[in-house]
Amino acid sequence: MITFPKTLLDGYRAFRTQRLPTEQSRYRELFERGQSPEVMVIGCCDSRVSPEVIFDAKPGELFVMRNIANLVPIYAPDGGTHGVSAALEYAVQVLRVKHIVVLGHAQCGGIRAFIDKIAPLSPGDFIGKWMSMFVKPGELVEQRAHETMQEFATRIEKAAVLRSLENLMTFPYISILVERGNLQLHGAYFGVAEGSLFVLDKATKEFRSARESEPMSGGQ
Ligand SMILES: [Zn+2]
């Protein structure tokens with residue numbers, strides 16, 4: 001009896017008959033010469049925020065790492081097992097990506113669990129421990145007066161992108177490459193309902209609609 005999910009088997013069939021024929025030579029080439037993506041995306045596990053879909057990426061174009069709330073911990077060479085650090089090491093030191101994009105999103109469950117201060121989902125409280133890295137010692141994350149819960153959540157979702165970018169710079173090999181101009185760090189935010197993308201303007205720390213940077217059409 002086949003227990004593998006039917007939706008996945010159907011999806012693979014569609015991939016094999018529609019996408020694979022147009023991508024077959026690319027897959028062969030990527031197999032023979034190896035991958036050399038220029039962009040790493042650090043995104044959330046959220047099933048609605050797939051970087052390959054949002055950026056319409058082809059095989060071999062994006063090196064993607066996803067975790068709860070798209071967080072990057074502070075560099076910690078303490079002998080522990082660090083999944084994010086391992087992915088960063090591979091992307092930056094082996095593949096030599098040119099860009100790292102931290103992609104936050106609306107309605108993030110990890111952020112919501114964090115700001116709601118709800119009871120742990122399990123006695124192990126892995127989400128609580130994971131999200132606690134977002135806060136610096138002594139820092140308070142609280143809803144402001146006249147701020148709705150949604151506004152509060154959006155503010156923290158965007159702050160999580162900024163915090164991850166800040167933490168990326170604690171990795172010595174990343175800060176060196178950024179200072180030399182060989183690596184660029186970027187922030188982005190995906191509005192799930194509208195499918196809208198906002199890109200971080202590092203100077204103002206504001207997220208601007210990606211449409212603003214689209215080339216004008218119609219000869220204007
Ligand atoms: Zn999320």
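No disulfides occur in this predicted model. Cys45 is in no disulfide, and the nearest cysteine sulfur, that of Cys44, is 5.6 Å away. Because the relative accessibility of Cys45 is 42%, this residue counts as partly exposed. Cys108, at 2% relative accessibility, counts as buried.

**Zinc site**

Two cysteines act instead as ligands of a zinc ion: Cys44 and Cys108 each donate SG, and His105 contributes NE2. These protein donors lie 2.0 to 2.3 Å from the metal. Along the chain, the donors follow the spacing C-x60-H-x2-C. Distant parts of the chain are thereby linked, with Cys44 in strand 1 (residues 39-44) and His105 in strand 3 (residues 99-105), 61 residues apart. Cys44 and His105 are both buried.

**Strand pairing**

Strand 4 (residues 184-191) pairs with strand 3 and also with strand 5, as tabulated here.

| Strand pair | Sense | Bridges | Residue pair |
|---|---|---|---|
| Strand 3 and strand 4 | parallel | seven bridges | Val101 and His186 |
| Strand 4 and strand 5 | antiparallel | four bridges | Ala188 and Val199 |

Strand 3, which carries the zinc donor His105, thus runs parallel to strand 4. On the other pairing, strand 4 and strand 5 (residues 196-201) are antiparallel and form a hairpin with four residues between them. Gly195, in the turn of this hairpin, has a positive phi of about 70 degrees. Strand 4 is largely enclosed by the rest of the structure, because six of its eight residues are buried.

**Nonpolar cores**

In soluble globular proteins, nonpolar side chains tend to be buried together. The largest nonpolar core of this model has 27 residues, and those with the most contacts inside it are Met40, Leu88, Ile100, Leu168 and Ile174. Two or more residues each are given to this core by strand 1, strand 2 (62-67), helix 3 (83-94), strand 3, helix 6 (149-168), helix 7 (172-180) and strand 4. Helix 3 provides the largest share, five residues.

The surroundings of Leu88 illustrate how this core is assembled. Neighbours within four places in sequence aside, Leu88 is in contact with Met40, Ile42, Val72, Gln93, Ile100, Leu168, Phe171, Tyr173 and Ile174. Another core, of 14 residues, lies apart from the largest one, and its members include Ala69, Leu71, Ile111 and Val141.

Definitions and conventions:
Residues are numbered from 1 along each chain as its sequence is written. This is a predicted model: local features need pLDDT of at least 70, side-chain atom pairs count only at pLDDT 80 or more; totals for chains, interfaces and linings use all residues. Side-chain values use heavy atoms; hydrogens and water are left out. Donors are N, O and S atoms within 2.8 Å of the metal (3.2 Å for Na, K and Ca); water is not among the atoms, so sites may look incomplete. Buried means under 20% relative accessible area, exposed over 50%, partly exposed in between (1.4 Å probe, protein chains only). A disulfide is a pair of cysteine sulfur atoms within 2.5 Å. Two strands pair if DSSP finds at least two bridges between them. A nonpolar core is a set of buried Ala, Val, Leu, Ile, Met, Phe, Trp, Tyr and Cys residues joined through side-chain atoms within 4.5 Å. Contact means heavy atoms within 4.5 Å.
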